[in-house]
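Welcome! Please take a moment to look over the sequence and the structure below before reading on.

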Amino acid sequence: MKFQIEDVTVYFPYDYIYPEQYAYMIELKRALDAKGHCLLEMPTGTGKTIALLSLITSYSLSKPHSPIKLIYCTRTVHEMEKTLAELKLLHNYQIKHLGPQARILAIGLSSRKNLCVNPTVLAAENRDSVDAGCRKLTASWVRALAAENPNVPTCQFFENYERAASSAVLPPGVYTLQDLRVFGKEKGWCPYFLARHMVQFANVVVYSYQYLLDPKVAGIISKEMQKESVVVFDEAHNIDNVCIEALSVSVRRQTLDGATRNLNRISQEIDRFKATDASRLRAEYNRLVEGLALRQNLPITDNWLSNPALPDDILKEAVPGNIRRAEHFLHVLRRLVQYIRGRLDTENVEKEGPVSFVASLNSHAGIDQKTLKFCYDRLHSLMLTLEITDTDEFLHIQTICDFATLVGTYGRGFSIIIEPFDERMPHIPDPILQLSCHDASLAIKPVFDRFQSVVITSGTLSPIDLYPRLLNFHPVVSRSFTMSLARDCICPMVLTRGSDQLPVSTKFDMRSDPGVVRNYGKLLLEMVSIVPDGIVCFFVSYSYMDGIINTWNDSGILKEIMQHKLVFIETQDVVETTLALDNYRRACDCGRGAVFFSVARGKVAEGIDFDRHYGRLVIMFGVPFQYTLSKILLARLEYLRDTFQIKEGDFLTFDALRQAAQCVGRVIRSKADYGMMIFADKRYSRHDKRSKLPSWILSHLREVNLNLSTDMALHIAKEFLRKMAQPHDKIGGSGRKTLLSQEDLEKMGDGSMHEMLY
């Protein structure tokens, strides 16, 4: 269907549109017109991806003289593929209506591991080894050698791509990662470098958050993007954590040992070069006197990760004299490693800010702040001069230089925390030094400053007013949408006590109480006997899940549960979990159903959908608070309180409830779906906790479902399942329409549209 929103003709590839999709598009268009940023919370399963894509591409088509570029960031490769598949559908629809003028180029960009087609490189098991394997075949000096000596191995795909030079382009179209690999094999070109090259010309780019938020990666990939771009962060409820991880570094003893080995190897290389090719080292020295900015025009294969923190003005400065010569720089790094090793030999937990850390480093090891700032770039320059290709061997020294540069650059928003052992296993000495970033706005600020519109959207952004404070920006539009349903197909309940009327909770003083564990077991046992198909249970942590399952096993509850349904468990091993999920799905397909035990904040809670019969009920055992004694969390809370005036309790509750909402939101993935959600903890009945859930869950949480015991919940569940089994009108004949056709949109003026939505 196609319809007008003010001056834009929107092409939408389906025959019907949900009212909330229409409202979402209107708000999104307001933000694009205002060239500002926006926060939009849209319930899961209401098609926000296609609404975003169709509005932004149609908006771009309606302004042919100044087209905007769409940069769409997803969290996982799986989500990236789903987005590109939707876009393909939309693109075909637009071409059918508009002809060739609607052609666009849309590509997904991922790491070499997902795009490489060279079988020898792909044989490596992890991402860093694939990167290094690629470098060994494509670095400029390797190719120069190969030109003289044909026995030196190079990558055929990259050589062909280089030979094609300017004719190596992607024809317009929508390319998933699979399409890129197929195209690369067909032409004999390297899909990874082809995609990297085409990113600057593409109308739509879909890639991972890190490519924009992690400064080391963004410096290489995203610096070409024009200002007239719309950046979308999808599933962005955890965006503050992604920003913080991008600027945090942890150093262990193993890191230091590895760094020492790296330094010894670099030292041998320097001696070898001195004997054979001293002029290269001299040329590097002269280049560093003139400043780092000259380094920008490297061949694409030699480009390493860019500097984690430096603004452009510093890159024009000359590198400090004491690290210009290679051997002097090595001495500085050795002293830095020695100093950190000394700091790790501590009995107590220590916490200090970057400023005092740098001052103490200067007085003990004689390394000043300016030297620290340049460590990362100086290492990069040295590794290029020494023609080192196996970069995966040098991850340890890169970590140390990354740490040095961040400490030297930022004075506030960070803490350095040294812990002699993990609090959960105090008898095992495992000292760790962590540079932890507390301010999420540091990583995302360049994105807000550089692009005209940034859209942050997810199914769980409540309370929506906290995000602008955490990320320190001013959205022009900030809205939370509810779900229009033809029938009440979501049934949330808050269970506060067991059938013996004892309260249930995972509060620290109650969680190991045998009464609570027994009541949780009885709740699940009652539910497996009446709920058909799949049931998903979320626990607050792995250790709590293990403890409860052991207790249930000893008391025989688990055996009784197994008589109704098979039980599968998420573990910390990815392969095991994938296998368990696979078998869980097969058990659900058989018709008997199954139970899946999982952990909030785990892999399953974040990215796996339990749609249709794979999830008819989700039980959240407890409130998933973070581990509140963690030193890093305490330091971050203190920073948030002092800088943004966010109270500790508010932040912890907000964080726990967005995770809980994320978990329970897994069961509803479309409007035809139905499912129940049980929040099993007495704390959910308190208004201050409950009110932080997304509005689309709250609007279905009725007063009578707020303070239930197990037998009452059982009764409500039976009623709900009976009601869901009745036939229903999909379009929603009873006054409120939940699917709008093109005629409906044309008939309604804006006024009646407004009435219908709210």
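Here is a short tour of one helix, one sheet and the nonpolar cores.

Keep in mind as you go that this is a predicted model. The tour begins with helix α18, which covers residues 354-365. From there it moves to an open sheet of seven strands, and it ends with a nonpolar core of 170 residues and a second, separate one of 84.

**Helix α18**

- Helix α18 is made of twelve residues, and the distance from its first C-alpha to its last is 16 Å, close to the 16 Å expected at 1.5 Å a residue.
- Six names are worth finding here: P354, F357, V358, S360, L361 and A365 are buried in α18.
- Looking down the axis of α18, you would see these buried residues within an arc of 165°, so they line one face of the helix.
- On the face turned away from that buried side, α18 carries the exposed residues V355 and S363.
- The partners that the buried residues of α18 pack against include the helices α17 (326-344), α19 (369-373) and α21 (395-409). Strands β10 (350-352), β11 (414-421) and β12 (429-437) are also among them.
- Just after α18 comes G366, which has a positive phi, near 70°.

**The seven-stranded sheet**

- Reading across this open sheet, the strand order is β17-β18-β16-β19-β20-β15-β21, and the pairing is parallel.
- At the edges stand β17 (566-569) and β21 (708-709); each has a single partner strand, so one side of each is left without a neighbour in the sheet.
- Within the sheet, β19 (residues 617-621) and β20 (residues 675-680) run parallel and are joined by five bridges. For F621, the bridge partner in β20 is A680.

**Helices lying across the strands**

- Helix α24 (residues 514-530) lies across β15 (490-497), β16 (535-539), β18 (594-599), β19 and β20, and runs at about 180° to β19.
- Helix α27 (residues 574-590) lies across β16, β17 and β18, at about 150° to β18.

**Nonpolar cores**

- In soluble globular proteins, nonpolar side chains tend to be buried together.
- The largest nonpolar core here has 170 residues, and the members touching the most others are F3, Y207, F233 and I456.
- Helix α17 gives the most to this core, contributing ten residues.
- Leaving aside residues up to four places away in sequence, Y207 touches I71, Y72, C73, T74, M80, L109, L212, I221, S222 and M225.
- A second, separate core has 84 residues, including C489, M545, F568 and L693.

Methods:
Residues are numbered from 1 along each chain as its sequence is written. This is a predicted model: local features need pLDDT of at least 70, side-chain atom pairs count only at pLDDT 80 or more; totals for chains, interfaces and linings use all residues. Side-chain values use heavy atoms; hydrogens and water are left out. Helices (H or I, at least four residues) and strands (E, at least two) are DSSP runs, numbered from the N terminus. The expected span of a helix is 1.5 Å times one less than its number of residues. Buried means under 20% relative accessible area, exposed over 50%, partly exposed in between (1.4 Å probe, protein chains only). The arc is that of the directions from the helix axis to the C-beta atoms. Contact means heavy atoms within 4.5 Å. Two strands pair if DSSP finds at least two bridges between them. Axes are lines fitted to C-alpha atoms, for helices over the stretch in contact, and angles run from 0 to 180 degrees between N-to-C directions. A nonpolar core is a set of buried Ala, Val, Leu, Ile, Met, Phe, Trp, Tyr and Cys residues joined through side-chain atoms within 4.5 Å.
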